[in-house]
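Pull up the model and keep the sequence beside it. We'll take a walk through the fold, one region at a time.

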Amino acid sequence: MYAVIKTGGKQYKVAAGDKIKVEQIAADVGQDIVLDQVLAVFDGADTRLGTPLLAGAAVKAKVLAHGRGEKVRIFKMRRRKHYQKHQGHRQNFTELHIESIAA
């Protein structure tokens with residue numbers, strides 16, 4: 001059984017026992033959270049799709065850690081114009097452990 005959830009403007013395919021990194025969520029480490037924006041649930045031959053969200057479905061997860069991702073380096077250059085710009089960015093994330101899917 002797996003589900004497609006939406007959090008932080010992105011969609012993730014999750015199953016019970018998975019560890020995923022999502023956009024930062026304001027929750028303490030060790031806290032249980034409920035992700036209620038479920039787009040679809042797949043259970044063998046049984047498929048339930050939402051329009052756009054599935055009513056009554058939820059995914060229970062536990063916050064494992066907060067952190068920062070790898071540095072993304074941005075380099076812009078215009079040839080023959082002596083223009084070079086360097087920039088970097090590290091995105092904050094929250095690591096979740098998916099405990100159960102309630103459909």
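What follows goes from the sheet to the core, then to a few side chains and some backbone oddities.

One thing to keep in mind from the start: this is a predicted model.

Let's begin with the sheet. Four strands make it up, in the order β2-β1-β5-β6, and the sheet is open, with antiparallel pairing. Because β2 (10–15) and β6 (46–49) each have a single partner strand, they stand at the edges, and one side of each has no neighbour in the sheet. Going from one strand to the next, the twist averages 15 degrees. As a reminder, strands of a sheet pair through backbone hydrogen bonds, and they can do so in parallel or antiparallel fashion.

Now zoom in on the β5 and β6 end of that sheet. Strand β5 covers residues 38–43 and is joined to β6 by four bridges, with the two running antiparallel. If you want to line them up by eye, V41 has R48 as its bridge partner in β6, and F42 stands opposite T47. The hairpin of β5 and β6 has two residues between the strands, and G44 takes a positive phi there, near 65 degrees.

A second hairpin is worth finding too. Strand β8 (residues 72–78) and strand β9 (residues 83–89) pair over seven bridges, again in the antiparallel sense. Here R78 sits opposite Y83 in β9. Four residues lie between β8 and β9 in this hairpin. We'll come back to that turn at the end.

Next, the inside. The largest nonpolar core has 20 residues, and V14, I33, V38, V59 and L96 have the most contacts inside it. Who supplies this core? At least two residues come from each of β1 (2–7), β2, β3 (19–23), β4 (32–35), β5, β7 (58–68) and β10 (92–102).

I33 makes a good place to stand and look around. Setting aside residues up to four places away in sequence, I33 touches I25, A27, V59, K60, A61, V63 and L96. Take A27 from that list: A27 sits in the loop between β3 and β4, and with a relative accessible area of 10% it is buried. Beyond its neighbours within four places in sequence, A27 is in contact with I33, V63 and H66. K60, another residue that I33 touches, is 33 residues from A27 in sequence, and the two are 14 Å apart in space, C-alpha to C-alpha.

T7 is another buried residue to click on, and its relative accessible area is 13%. You'll find T7 in strand β1. Apart from neighbours within four places in sequence, T7 is in contact with Y12, V22 and I25.

Stay with β1 for the aromatics. How many aromatic pairs does the structure hold? There is one. The partners are Y2 and F42, whose ring centres are 4.9 Å apart and whose planes meet at 25 degrees; planes under 30 degrees apart count as stacked, so this pair is stacked. Y2 belongs to strand β1 and F42 to strand β5, 40 residues apart, so the pair links distant parts of the chain. Y2 has another visitor as well: the charged end of K13 sits over its ring, 4.4 Å from the centre. Is Y2 buried or exposed? Neither, quite: at 31% relative accessibility, Y2 counts as partly exposed.

Finally, the backbone oddities. Most residues other than glycine have a negative phi, and most peptide bonds are trans. With that in mind, look at T51 and P52, which are joined by a cis peptide bond with omega about -5 degrees. P52 is in the loop between β6 and β7.

Then return to the loop between β8 and β9, where R80 lies. R80 is not a glycine, yet its phi is positive, at about 65 degrees. With a relative accessible area of 70%, R80 is exposed. H82 is found in the loop between β8 and β9 as well. H82 is not a glycine either, and its phi is positive at about 55 degrees. Its relative accessible area of 82% makes H82 exposed.

Terms used: Residues numbered from 1 in each chain as written. Predicted model: local features only at pLDDT ≥ 70, side-chain atom pairs only at ≥ 80, totals over all residues. Heavy atoms only, no water. Pairing = 2+ DSSP bridges. Axes fitted to C-alpha atoms, helices over the stretch in contact; angles between N-to-C directions. Core = buried A, V, L, I, M, F, W, Y, C linked by side-chain atoms within 4.5 Å. Buried < 20%, exposed > 50% of the residue type's maximum accessible area, 1.4 Å probe, protein only. Contact = heavy atoms within 4.5 Å. Phe/Tyr/Trp six-rings, centres within 6.5 Å; stacked < 30°, edge-to-face > 60°. Lys NZ or Arg CZ within 6 Å of the ring centre and 35° of its normal.
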